[in-house]
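Here's a set of exercises to work through with the model open beside you. Try each task before you read its solution.

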Amino acid sequence: MSLGYLQPELYSEDQYDESHVLDLNLSTLECYSVSSTSSLQSIHRCFLDETRNCKRLKVEPSIGESIESKEIVHRGCSGMRTNSSNSLRKLQFRDHIWAYTQRYLAVEAMEEAAAAIMQGDQSEMREEGNGDAMKLVQRLIACAEAVACRDKTHASALLSELSSKALVFGTSFQRVASCFVQGLVDRLALVQPSGAVGIVGQSAREMVMTNEKEEALRLVYEICPYIQFSHFIANESILEAFEGESSIHVVDLGMTQGLPHVHQWRNLISSLAKRPGSSSRCLKISGVGNCEEGLQTIGDKLKHYAKGLGVNFEFLMVQSNLENLQAEDFSILEGEVLVINSILQLHCLVKESRGALNSVLQILHKLLPKLLVLVEQDSSHNGPFFLGRFMEALHYYSAIFDALDAMLPKYDTRRAKIEQFFFAEEIKNIVSCEGPARVERHERIDQWRRRMSRAGFQSAPIKMLTKAKQWLAKFKVCEGYTIVEEKGCLVLGWNSKPIIAASCWKCS
């Protein structure tokens, strides 16, 4: 496979820190066990092969993120290809130290993950089907290992076996395994003889929203607390920023990206209408998105709703994607208090070069917002090694599927739609895609803290833990969901496994 994003500029302090971004304890998979240490040893062998000398050096800034760049030095699991080697600058000593440190930390994390599986709860394993559940875990990890090592023959045989074991209407782990199997099939189909992994078609955010995906998104919003939790924290933070102010301007990033933003802003308008003096206050929302028709539709709906409640409201369209955003795109008047709202958006800009994200954060900082609300998935699905990403994603989505298992009956078609048309799409993007096509680059809140700090923002602690817990109780989801405060952020999780993290920032 190709590890083209291990570039020299990523070796600096402000880039991937595997000691923070790899969390492979697999607590949600502890109901399974491994009969021997052979699987662990095999994983270690392939993981070391995958990481050994896998560097791709960026020569010219214009090269971009192409996995098949002509000016690279690449050594895969079973070979080395050298092109234009004279043009490559020599690795510095600190680069070697960084690479070996990350390799050690990653292998150590893999060992902990496998140990967690081997020490699993036997009673839970019996409920899942005793030896069958254990074999499914072993086969799935072995298949990921074979794909990482470009062993197409062995991987194909394992995928054939897994396809009959990973069932869409099976146990929680069988269902999540079926999504990972789909991703592995797609990735294996793109493995080239040289070891490079091609780019999978369109990115998830550029694909046409089908009726099935729209329905799945609606069900996620209604049944799962993740999006509504994000909107609740964002709106409460905006209302706090509105205290003592007569005019507030909210910039909503990615308004036409599929999330039900109308619900969020209808709730905000409704809350403003209930407050004393609402008629003398003005709310302006600037929606960022590529689809002019979609923005216009959202704006018209919100204007009509605000007029019915007597709230002074203005809607502005900013037709642009995030990467091309400019400070001049926004019309901010003197006396307006600015709040930026980013719900599950910025992780799509975390590319190998990091240039896109840094540029956007700098532009947002130039706007001098009173508050920036940031909500992202709290998991490390953007590590530099495929096996590490695979294991972390397996841990993360197993928790989500466990939660769905507790909320909906086994043969409920709503659950199948949520899993297969929403979460499966994220899983397949993480597992099968590379380069610009891989947009589900979720990272932990600690990584976001460092990034926001470097961009000139400082944390504005969210002090509403009690209110958030009261909201969760009113949401009437099953027991198992938790909300905890972590260094000024609020984290929604399932049985202590972090799922979504909300944080607030102000200009320093």
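Accessible areas here come from the Shrake-Rupley method with a 1.4 Å probe, and for residues only the protein chains shown count as cover. This is a predicted model: local features need pLDDT of at least 70 and side-chain atom pairs count only at pLDDT 80 or more, while totals for chains, interfaces and linings use all residues. Residues are numbered from 1 along each chain as its sequence is written, and side-chain values use heavy atoms, with hydrogens and water left out.

**Exercise 1. Take stock of the chain**

Task: work out what percentage of the 508 residues in the protein chain is buried, and how many helices and strands there are.

Solution:
- Start with the surface: the accessible area of the protein chain is about 20800 Å², and 49% of that belongs to carbon and sulfur atoms.
- Next, sort residues by cover: buried means under 20% relative accessible area, exposed means over 50%, and partly exposed is in between (1.4 Å probe, protein chains only). On that scale, 56% of the 508 residues are buried.
- Now count elements, taking helices (H or I, at least four residues) and strands (E, at least two) as DSSP runs numbered from the N terminus. You get 16 helices and 11 strands.
- Finally, look at contacts, meaning heavy atoms within 4.5 Å. Among those between residues at least 6 apart in sequence, 80% join residues at least 24 apart.

**Exercise 2. Find the cores**

Task: identify which helix gives the largest share of the largest nonpolar core.

Solution:
- The term first: a nonpolar core is a set of buried Ala, Val, Leu, Ile, Met, Phe, Trp, Tyr and Cys residues joined through side-chain atoms within 4.5 Å.
- The largest one has 100 residues, and Leu140, Phe180, Leu184, Tyr226, Phe390 and Tyr397 have the most contacts inside it.
- Helix 13 (residues 386-407) gives the largest share of this core, with 14 residues.
- A separate second core has 28 residues, including Val251, Val288, Leu325 and Ala455.
- Zoom in on Tyr226: beyond its neighbours within four places in sequence, its contacts include Ile400, Phe423, Tyr481 and Leu492.

**Exercise 3. Walk along strand 10**

Task: say which residues of strand 10 point each way, and which strands pair with strand 10.

Solution:
- In a regular strand the side chains alternate between the two faces of the sheet.
- Here, Cys489, Val491 and Gly493 point one way, while Leu490, Leu492 and Trp494 point the other. Strand 10 (residues 489-494) has 6 of its 6 residues buried.
- Pairing needs at least two DSSP bridges between two strands. Strand 9 (residues 481-486) runs antiparallel to strand 10, joined by 6 bridges, with Glu485 and Leu490 as bridge partners.
- Strand 11 (residues 497-507) also pairs with strand 10 in the antiparallel sense, over 5 bridges, and Val491 stands opposite Ala501.
- Check the turns: strands 9 and 10 form a hairpin with 2 residues between them, where Lys487 has a positive phi of about 55°. Strands 10 and 11 form a hairpin with 2 residues between them too, where Asn495 has a positive phi of about 50°.

**Exercise 4. Compare some salt bridges**

Task: for the bridges Arg175 to Glu419, Glu243 to Arg275 and Asp446 to Arg449, decide whether each partner is buried or partly exposed.

Solution:
- Side chains of opposite charge can pair when their charged atoms come close. The cut-off for a salt bridge is a side-chain nitrogen of Lys or Arg within 4 Å of a carboxyl oxygen of Asp or Glu. The structure holds 22 of them.
- Arg175 and Glu419 meet at 2.9 Å, N to O. Arg175 sits in helix 7 and Glu419 in helix 14 (residues 413-432), so the pair ties together parts 244 residues apart in sequence. Arg175 is buried at 0% relative accessible area, and Glu419 is buried at 0% as well.
- Glu243 and Arg275 meet at 2.5 Å, N to O, and link parts 32 residues apart. Glu243 is partly exposed at 47%, and Arg275 is partly exposed at 25%.
- Asp446 and Arg449 have their closest N and O atoms 2.3 Å apart. They are 3 residues apart in helix 15 (residues 445-454), so about one helical turn separates them. Asp446 is partly exposed at 24%, whereas Arg449 is buried at 14%.
- One last step: salt bridges with shared partners join Arg175, Asp405, Arg415 and Glu419 into one network.
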